Amino acid sequence: MSILIDADTTFIVQGITGREAVNLTRECLDYGAGAKIVGGVTPGRLGRDVHGVPVFDTVAQAVDHNGGPIDGSVVTVPPAFTKDAVFEAIENGVKLVVIVTERIPRRDVAQMVELATLRGARIIGPNCLGIIVPDVIKMGGIGGPAKDAAKAYSPGPVGVISRSGGMTTEMSSTLTAAGLGQSTAVSIGGDAIIGSSYAELMPLFEADEQTEAIVIYTEPGGRMEAELVDWREANNSRLPIVAFMAGRFMDDEEMQGMSFGHAGTIVEGKEDSATEKIARLEAAGIPVVERIDEIPDAVKGKLGVAA
C-alpha cells in the first residue's frame with residue numbers, strides 16, 4: 001500500500017510547457033510503471049503536447065478530455081499566478097495539489113490552504129518536490145530523473161516526511177542502502193505556511209498497513225514538531241518515529257529571528273530552537289540522530305531488527 005497516490009492516480013501538470021515542468025513530466029512518465037499524466041495546462045497552448053501529454057488552456061478542458069474527475073495536479077507556474085492555478089484545480093474537483101513553486105506570498109498560501117480545507121482537498125507544498133511511492137509512481141520532481149530515483153528509493157516499511165526536498169531523497173537513499181525500503185516519501189516543503197504538516201500526514205501513514213515506522217527531517221523554526229508530539233500522544237500511535245534535526249548552530253542567541261535555508265526556518269524564540277525541539281521529541285520517545293548515516297540503525301532499533 002501507500003498514502004496519497006498509487007498506480008491508478010491520475011494527475012495533470014499546470015504550467016507544463018515551462019522548462020522545469022517539461023523535465024518533471026518526462027521524469028514522472030519514465031518512473032515505475034509510468035505516471036498517468038492525463039493532461040497539462042498552459043493558457044494559450046491548447047493543442048500542443050509535451051512528451052505525448054496533451055496540453056489544454058484550462059483545467060476544465062483537461063477534465064472534459066479525461067471524461068471524469070482527475071485525482072491530482074502538480075503546479076509549476078510562477079509565484080504570481082500560483083493561487084489562481086490552485087484555485088482552478090480545486091474548483092474543478094482535483095483533490096491533491098502538489099505545489100512545486102517557491103516564493104509564493106504567505107497570504108496566497110493561506111488562502112489556498114483554506115480553500116482546500118473547504119473543498120476537502122489536500123495541498124502538499126509549496127516549495128516542495130512532491131511524493132513518491134517506490135517502484136510505482138512519483139508525482140513531482142522528487143528523486144530527479146527516473147534512473148536516479150530508482151537507485152535512491154526502494155519499496156519497504158518506512159514512511160519518510162521531510163521539509164527539505166533534497167533530504168527526502170538523501171534519507172531514503174541511506175535507508176535503501178541499509179536494506180530499509182520506503183512505503184511513501186513526501187517532501188512537504190520548507191515554507192512557513194504549508195498545506196500538510198507531519199501531524200496532518202500521520203493519520204494516513206497510521207492507516208497504511210505497509211508502513212511500520214516513520215523518519216522525519218526537521219529544522220529549527222515553527223511548531224510542527226510540537227504538533228506531531230501532541231498528535232502521537234493523543235492518538236496512541238503505533239508507529240515509531242526517528243528524526244534527523246538540521247541547523248543546530250541556529251541555537252546561538254545571535255541567530256534568533258534570522259532565516260537560513262528554508263523560508264520556514266526562523267527561530268522566533270526558545271521553543272523554536274533545535275535544543276528545545278530535540279528535548280521535546282526525545283521526551284516523547286522519538287530519538288533525534290545527529291548524522292544521516294545514523295538513521296538506519298535507529299530505525300532498526302525501533303523495529304527490533306538487528307543492525
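**Exercise 1. Identify which elements cover the buried residues of helix H7.**

Solution. The cover of the buried residues of H7 includes strands E7 (122-124), E10 (155-162), E11 (182-187), E12 (213-218) and E13 (241-245), together with helix H8 (224-234). Contact here means heavy atoms within 4.5 Å; helices (H or I, at least four residues) and strands (E, at least two) are DSSP runs, numbered from the N terminus. The model is predicted: local features need pLDDT of at least 70, side-chain atom pairs count only at pLDDT 80 or more, and totals for chains, interfaces and linings use all residues. Residues are numbered from 1 along each chain as its sequence is written, and side-chain values use heavy atoms, with hydrogens and water left out.

**Exercise 2. State which residues of H7 are buried and how they are arranged.**

Solution. Step one: in H7 (residues 198-207), the buried residues are Tyr-198, Ala-199, Leu-201, Met-202 and Phe-205. Buried means under 20% relative accessible area, exposed over 50%, partly exposed in between (1.4 Å probe, protein chains only). Step two: viewed down the helix axis, these residues fall within an arc of 150 degrees, so they line one face of H7. The arc is that of the directions from the helix axis to the C-beta atoms. Step three: an α-helix has 3.6 residues a turn, so residues three or four places apart point the same way.

**Exercise 3. Classify Lys-151 as buried or exposed, and locate Lys-151 relative to Tyr-198.**

Solution. Lys-151 belongs to helix H5 (residues 146-152). Its relative accessible area is 62%, so Lys-151 is exposed. The C-alpha atoms of Lys-151 and Tyr-198 are separated by 26 Å, the two residues being 47 residues apart along the chain.
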